[in-house]
Amino acid sequence: MKLSNQWTKEQRLAIDTRGVNLLVSAAAGSGKTAVLVERIIQMITKDGVDIDALLVMTFTNAAAAEMRERIGEAIVEALEKEPENRQLERQLTLLNRSSITTIHSFCLEVIRSHFHEIQLDPGFRIADDTEGAILREEALEEVLETFYEEGSKEFLSLVDAYGGKKDDKALGDLVLDLHRFIMSHPWPLKWLEEKVALFRVEDQGLMDLPMMGAFKEDLLSRVRPLVGSLSKAKELSEEDPSFVGYVETFLEDQQIVNSFVELLTRDSSFDELRDFLMQTSWSRMKSAKRGHDKNQAEVIKGLREDVKETFKGMKENYFKDSEEDHLTMLQEIYPHLQMLKELTSAFMAAYESRKREKSLLDFSDLEHLALRILTEEKEGQMVPSSIARGYKEKFEEVLVDEYQDSNEVQEVLITMVSRKEEVDQNVFMVGDVKQSIYRFRQAKPALFMDKYRRYTEDGNGLGKKILLYKNFRSKENILNTVNFLFKGIMSDEVGELDYTDEEALIYGATYYDDVEEGEEKEPVEILLMEEQSTSEEEGDEGEMALDPSTYKAMEVEAKMVAGRIKDLINEEFMVYDKGLKGNRPVTYRDIVILMRATSSPAPIYLEALHEAGIPCYSDNSTGYFDTIEIRTVMSLLKIIDNPLQDVPLLAVLRSPLFAFSEEELVEIRKKSEDEDLYQNLLATSWENIALSRKIQYFLEKLKVYRDLSGFMNLDEFIWYLYTDTSYLDYVSAMPDGLERQANLKVLFQRAKQFEETSLKGLFNFIRFIDRLKKTTGDIGAAKILGENENLVRIMSIHKSKGLEFPVVLLVNTAKRFNKMDLRKTMILHEDLGFGPTYFDLRRNLKNTTIFRELIKERKTLENLSEEMRILYVALTRAKEKLIITGQVKSFEKSFKKWTELSAGEGEGLLPVKVEKASGYLDWIMAAFLKHHGLSAHRTDEMPYGFGQDTLVVLNKMTKLDVLKEAVVEGETKEGVFTLTDVKDPLASFMISERLGYVYDHEEATKKSSKISVTELKKLRAMGEDPEELEPLIKERPKERPRFLSKETGLQAAERGTAFHKVMQHISLFSGDVQEIEEDLHSLLHRELLTKEELQSINPKEIDVLLKSPLGHRMKEAEKNGQLHREKKFLLHFGDSEAMVIGVIDCFFQEGEDLIIVDYKTDRVSMKDASTVLTERYEEQLRYYEEALKAITGLNVKEKYLYSVANEKEIFIN
């Protein structure tokens, strides 16, 4: 803890200010925890406040325990100075009952004290996460079954729209997602009711709907900055006579933008805005004068392109459909949302009922039940209950740590137990909005920002704010680097905060200066690796016996990182040691590798570091269920529960537990190939005596285990299996034996935890583990190396929050931002509500909605802001050395992109450019291309001199460079046999020749032997869902559950398949619709069609086809025996060795020429049919043409697409 004379002025204010709501905005490394602890110490030692009269809320149990410990140490330290102080002795006694706790622990305390107020069983227990997931799954199944039994049209329509293509899993997932989402709201059902009601449009105009206020705000926030972009472009054009011709164009552009802003600021209708955008045309820029600066021209044109792209995006995202169309879609979606609300409410009730039956609560219950106890409704408003008023009187102050990570429920809870809104205010909130990185848990940084903007530094009645931006963690150059980067990229538009000098980190760790006087500044390093190799480098591959193509980019980046770590260790890079009060050489434990997510990259980095001989540790939570020992024991448990499972039974028999050979297993299988393997084991006659004995031993053991499993506690039973089979001892003798033993012990502990849940028995435990795999994916292999050992740590940025390291390597920065949540059929937003996709079930079409696009746009910005804060957290973990690494396909293309992204006034980037970044590396490089040390890498050759106080170096390497370095620096590991160990030259040669053998046709083994036409053809309609487009090769669709087929009809692909079946088998000479219907029923009786397929066929559509000019030509060819249907082909295309397969719907011969006909059942509008279908399938027909030419030797004269839905033939050139 800091001594009193070391506190800064701002810290002292944060410690001493009383009687007002206080928001302390404490940047990374500013000592906020020390300030919070000191404030508490001052209150109990000087103000005479008892420790149990303070409510201190922290984010984690570990933080609460640390704070309690630090307060205890401070009290003991004070008692040593004043041993007679009875107040301090009393505080030490009260410390154990003090409310220094997490929000959930406080809620639990409230519930335990007042359970009778909500008629709760006092014997309740907190459910395990997996136990809760199982109960939710059961509740969902129960509710869905009930709704299916009722079979209302509204529900079945909801299933058709949001249930998915093959089953209703997507609807179940939507209900679970919605439930999880709304439970972060204080009153979930009220939120549901209000947000669904937003779609009740009735007789309102589109712009009159409540959501459209946010729509106009978002459009204005998009368009207004464009005025500045155009002014800048015009200004640059006026400065250079070469571009004087551009000025007139920019004046016209400014008129367009200003007119649209004016329309938005007055009460314009939606169609007025739409008409303006549809009629807007951008005039062509005049040519610049000869000899103009081409780089400057690119900058100017780039600014204009941003404006045009913004307008194009608005037109495509929001104004593609008319006001009437939008209102129609919203009206038709409303019943779906009403039904979704009913379904979710029913699920919540069923889940609640199951929990109550078992006396369980989950974590969201803790908050909501505490809220029920602490609130009551008066005149439509939620106000503090009498119990809440008691807490208000009890607590002298409510102190909230990490306030930036609070959600709506927690905010209401804090308000109810504090005097935040009363005269004698008593809430102390500390946090840093730039480190709010838990939006995925529904944290709401807007709560912090709202107070940050409303509170003043002198206190204004609402509250007071204090800024702590002096950093006592990092060296000055690291802070300058962070400031330079975030001044460039973070703004109100993208980042939710304008990173100005007021927000900048201030150097405060002056203890570094005492030991580094006169030394050069340590640079921040950026290491980039290029995947592509030059021709000269490719020629070097043979010399190094390297093939870069066999290494993935991430593997090579990991090797680059390993090499840099070895350099730091070998060079004895010096780091400051507070214990020594001086420098010492860096050790492995001083180094951390941070990455956005660890699931995929961490194993690759672990392997690269192990190969380099670097001890390392990862917090990666995968790999546990894939270990051989866990798979073996789980297989044993499965067959003890039910031996009629061949796969786990084979795994157990083949394992060291019973050690059956492959030959013995074959013999057992051959006993009867129709029976289960277990039934074969029960056979009594075996010629092989040794095998018979092994089988008998196994069956006896299995019987014992099955009997014991019925009455032993599960954890005791699993331990019995370990000892009886000696498997725990066996795995200890395997490679990594200690870790394998630890894995088995973790399974034992899991069983022990399971015994404490409401679920019982071996079957439920197996189900519990299977559910655990689905919900968490994995639990991570057991770690036998502790985090405090001398090794390099690999961890996610999220897990590094609150920690600090002398050396930080931020890796894999080229990883693209995850946008999967924006592709869902239903997007959710805490303020705006539902963003649904519209499904026209009658015409089998889908479309986006204006609400969806609005929410998508809002969430895109929010997600980018979150990613920016995550990057801030990563960079501010570093104390003395910061290294950033990334990989690119091509330096040339990447630097061109980064140069374009770096556009903006001064060192700042334009928000529209910041939005275009696809990952951290884009932000970092775009910002630093304005740095005086890196601007030479710009492709526009424009010099910049920003960042004079910041030292950043860039090192570029190719893939081959890294691999060569890894080979040169690699050392032979102990216990590894190499050719240098072989003294006999002939033997060495023969070993080398055999080990180095390469199959002559190695490349062929990596290629598919057959490729469908679908795989060859790149669909041009990328905006469409490929699953909705009719497959080019007609595959028999997978069978669906009968109840789904009956209730919801066939899917689009199934209807298409049904039509093609009909056209393959029906007579072309049916005279009218009635005859066609008779033919169709004949196909049904011949079992060529199912009943459902028959119902999907419209005989009139076939009649129209057969009576069309194309139909008459097909009939004529049929008469002459020259018409072919559903013709399959298999042949080579071009130089490819792969065979291409396909099926041509119909072709016929006229004279010496062929005509191709391809039926299309895609639902497209009549006016767009020719264009859309041609774009989608033109290339496919070209492949068919080449196939027929190769097969028949005849010329293809004509190619037709026949649109069934539009009853139209489309000629393809």
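A salt bridge is counted here when a side-chain nitrogen of Lys or Arg lies within 4 Å of a carboxyl oxygen of Asp or Glu. The exercises below concern a predicted model, and by this rule the count in it comes to 87 salt bridges.

**Exercise 1.** Determine which strands stand at the edges of the six-stranded open sheet, and which helices pack on that sheet.

*Solution.* Begin with the strand order, which reads S3-S2-S8-S9-S1-S10 with parallel pairing. Strand S3 (99–102) and strand S10 (464–468) each have a single partner strand, so they stand at the edges and one side of each is left without a neighbour in the sheet. Between neighbouring strands of this sheet the average turn is 15°, direction ignored.

Next, look at one pair inside the sheet: strand S2 (residues 54–58) and strand S8 (residues 397–400) are joined in the parallel sense over four bridges, and Met57 is found opposite Val400 of S8.

Finally, turn to the helices. Helix H1 (residues 9–16) touches strand S1 (22–26), strand S9 (427–431) and S10, and its direction makes about 140° with that of S10. Helix H17 (residues 408–417) also packs on the sheet, where it touches S2, S8 and S9, with a direction at about 160° to that of S8.

**Exercise 2.** Work out the edges and the helix packing of the open sheet of seven strands.

*Solution.* The order is S17-S18-S16-S19-S24-S13-S25, and the pairing is parallel. Because strand S17 (616–618) and strand S25 (952–958) each have a single partner strand, they are the edges, and one side of each is left without a neighbour in the sheet. From one strand to the next, the twist averages 20°.

Within the sheet, strand S16 (residues 591–595) and strand S19 (residues 805–810) run parallel and are joined by four bridges, with Ile593 having Leu809 of S19 as its bridge partner. Helix H22 (residues 553–570) packs on this sheet and touches several strands, including S13 (524–530), S18 (792–796) and S24 (878–888), while its direction makes about 150° with that of S24. Helix H23 (residues 601–611) touches S16, S17 and S18, and its direction makes about 170° with that of S17.

**Exercise 3.** For the salt bridges Arg767 with Glu138, Arg858 with Asp218 and Asp831 with Lys444, establish which parts of the chain are linked and whether each partner is buried or partly exposed.

*Solution.* In the first pair, the closest N and O atoms of Arg767 and Glu138 are 3.0 Å apart. Arg767 lies in helix H32 (residues 762–776) and Glu138 in helix H6 (residues 129–150), 629 residues apart. The cut-off needed here is that buried means under 20% relative accessible area; Arg767, at 24%, is therefore partly exposed, whereas Glu138, at 17%, is buried.

In the second pair, the side chains of Arg858 and Asp218 meet at 3.1 Å, N to O. This salt bridge links helix H34 (residues 850–875) to helix H10 (residues 211–239), across 640 residues. Arg858 is buried at 19%, and Asp218 is buried at 13%.

In the third pair, Asp831 and Lys444 have their closest N and O atoms 3.4 Å apart. Asp831 sits in the loop between strand S20 (826–829) and strand S21 (833–836), and Lys444 in the loop between S9 and helix H18 (445–454), 387 residues apart. Asp831 is partly exposed at 38%, while Lys444 is buried at 9%.

**Exercise 4.** Name the residues that Lys32 is linked with in a network of salt bridges.

*Solution.* The network joins Lys32 with Asp401, Glu402, Asp405 and Lys801.

How values were computed
Residues are numbered from 1 along each chain as its sequence is written. This is a predicted model: local features need pLDDT of at least 70, side-chain atom pairs count only at pLDDT 80 or more; totals for chains, interfaces and linings use all residues. Side-chain values use heavy atoms; hydrogens and water are left out. Two strands pair if DSSP finds at least two bridges between them. Helices (H or I, at least four residues) and strands (E, at least two) are DSSP runs, numbered from the N terminus. Axes are lines fitted to C-alpha atoms, for helices over the stretch in contact, and angles run from 0 to 180 degrees between N-to-C directions. Contact means heavy atoms within 4.5 Å. Buried means under 20% relative accessible area, exposed over 50%, partly exposed in between (1.4 Å probe, protein chains only).
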